[in-house]
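Biologist: Could you take me through one part of this model in close-up? I would also like to hear how it sits within the rest of the chain.

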Amino acid sequence: MTGTHSGKAFYAGLLEALTGVMGSAKGYLNDHGPRVAMLATQLGSELGLNQQQRSELVFGAVLSDMGMVGLAEDAWENPVAELSDEVRARVRQHPQRSEMRAREVPHLESLGPLIRHHHEWWDGSGYPDGFGGEDIPLGAQILRLADTVTALGAPRPQREALGREKILDIVESGIGVEFSPTVANTYLRLMRTGEIPQFTDAAYRHTVLRATEHLLPEEVSPPSTNQLLTIVANLIDAKDPYTGGHSRRVALLAVSVADQLGLEGHIKSALWSVGYLHDLGKLAVPLRVLAKEGKLTDEEFEFIKAHPTDGAEILEGIPTLRHLTTGVRYHHERWDGGGYPEGLSGDRIPLVAQIMAVCDAYDAMTSKRAYRNSVASTSALEEVARERGKQFGPVAADGFLAIPSDIFEGLHGSRPEAFRDIPQRVQTLRHIDPRWFTSEPVHRP
Ligand SMILES: [Fe+2]
Ligand SMILES: [Fe+2]
Ligand SMILES: [Fe+2]
C-alpha cells in the first residue's frame, strides 16, 4: 500500500470517528444523526440526487449540529418541553456555526449550503436566513424533513416516541409550511408502501464508508489530515471552555517526550494523533457535568470516568485508527493502579498511555479550570517529579522532565518551530509497534 492510500484511509477513518462521536454527543438523542442520514439518503435517491450529492447528505445529516457543541448543548440536555428565549437564541446560531466548522474541513467545503440551511422552512419562517421554497437547497429541504420525523419518532425526556400515524399527520399538515411538498410527498409515499428499512448500525457504517469514498479525492495530503485532526480536537476542546487548545498542547508535549526518549517514526506519529484525540469521548459527556463548579455527584463522576472508554470504542470500530485505541483508553490510568477505567498499574499500562497521562496532567495543572486557577509551570514540573513512580510511569516522567524549557514556554504559541515536521508524518500511521502496548524500557539513541 502506498503512502497516499494510507493518507486517505487515515483521513476517512477520522471522518468516520467524527461522525460516530457526533452521533453519541447528543445524549438521549443517541443515534439521531445516523438515522437522519439514512432516511435523507433514501429520500435523496428517490428525488434523483447523484452519488456525490447523496454522499454530502450523509455527512450533512451528522455534522449539521456540530455548531451546538459548546454553544447550546443545554437544548439537547433540556429535560422539559420549553426552552428559554436565551437558549432558543443560541440554538438559532448553530447552523452558521456548523457551516463554519464544515468549511474548515478540507474536502467537506461543499456541505456548506446544506448545513447552513437545514432549519429553513418552506414558508420562509425558518432560520438563519428565512429562505423559502426552491431557494432552499434541495439537500437542506430533505434534511429538514428527515430531522423532524426522526426526532418525532424517538422518545424525549418530556414525551414518548410518537407513533407512525401521528407522524404521518404531522408531515401532511406541515406540507408547504415546514416541509417542501415534493420531499414530504415522497416521504409519505415511502412510508405508506413500507419501503423505509429499519435502521441498523451496519447499514449506516456501510453508507458512511461509501460516502467517504465518493467525497475524498484519491490523494489526501498530510496537511489536510492534520487540519482535520485539529478540527476534531477543537470540537472536543469546545466542550470545556477552560481548556481551549488542550488537545493540541497534549499532542505537542507528547511528541516532545518522544524526542527525549528517542522514540521515532510510527510511535511518534501515534503520540501526535492520540494527543489530539485522547479526550474524544468527552464529546459524549453532558455539558452540565463538564461545566459544573463544585463537587461532582457519583453519577456525574461516572460520566467523566466513561470518557476514555467511550473514545476508545469509537476508534476501535475504525480499522485505520484502531492502533490509537489503547493510548486513548488508558490515558487516565495511574502507575500505582489508582486510575481509571481499569485500574491497570505499572508496565501493564501501554507506553503511549503513560506518556499521555503525564502530558495531560501537566496541561490540566497549568490551565485555569472551572474550580481553580492554574499553577505555574515550575510547580507543575515539581509535581510531575514528586509523582514519578506513583501517578506517572518513571520512563514517561523522566522523558517529560527532560523536555527543554523553551518548549514549555512556546506551548501556548500558535505553532512552535520544533513541531513543523509532524504533519508530514501522520499519513504513515498504519503500522503497529509492539512498544505501544508494553512499556519495555526505551533508551536514548
Ligand atoms: Fe440542527
Ligand atoms: Fe481525559
Ligand atoms: Fe485531557
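Between which helices is the loop that holds P128?

Modeller: Happy to: P128 lies in the loop between α6 (112-116) and α7 (138-152), where helices are DSSP runs of H or I with at least four residues, strands are runs of E with at least two, and both are numbered from the N terminus. This is a predicted model, in which local features need pLDDT of at least 70 and side-chain atom pairs count only at pLDDT 80 or more, while totals for chains, interfaces and linings use all residues. Residues are numbered from 1 along each chain as its sequence is written, with chains lettered from A and ligands numbered from 1 in the order in which they are written.

In that loop, Y127 and P128 are joined by a cis peptide bond with an omega of about 10 degrees. There is another cis bond from Y340 to P341, with omega near 10 degrees, and P341 sits in the loop between α17 (325-329) and α18 (351-366). On the other side of α6, the loop between α5 (94-103) and α6 contains H107. H107 is not a glycine, yet has a positive phi of about 80 degrees. Most residues other than glycine have a negative phi, and most peptide bonds are trans. H107 counts as partly exposed because 17 C-beta neighbours lie inside 10 Å; 20 or more would make a residue buried and 12 or fewer exposed, with C-beta atoms placed from the backbone.

Now for the wider setting. The protein chain has 21 helices and zero strands, and 45% of its 445 residues are buried. The largest nonpolar core (buried Ala, Val, Leu, Ile, Met, Phe, Trp, Tyr and Cys joined through C-beta atoms within 7 Å) has 110 residues, and V232, A254 and V358 have the most contacts inside it. At least three of its residues come from each of domain 1 (31-215) and domain 2 (222-436), with bounds taken from an automatic or database assignment. Leaving out residues up to four places away in sequence, A254 touches L271, W272, G275, I355, M356 and C359; a contact means backbone-placed C-beta atoms within 7 Å. V232 is one of the buried residues of α11.

A word on confidence: pLDDT, the predictor's confidence in each residue from 0 to 100, has a mean of 86 for the protein chain, and 88% of residues reach 70 or more. Over residues 423-445, however, pLDDT is below 50. Where pLDDT is low, the predicted coordinates should not be read in detail.

Methods. Contact = placed C-beta atoms within 7 Å.
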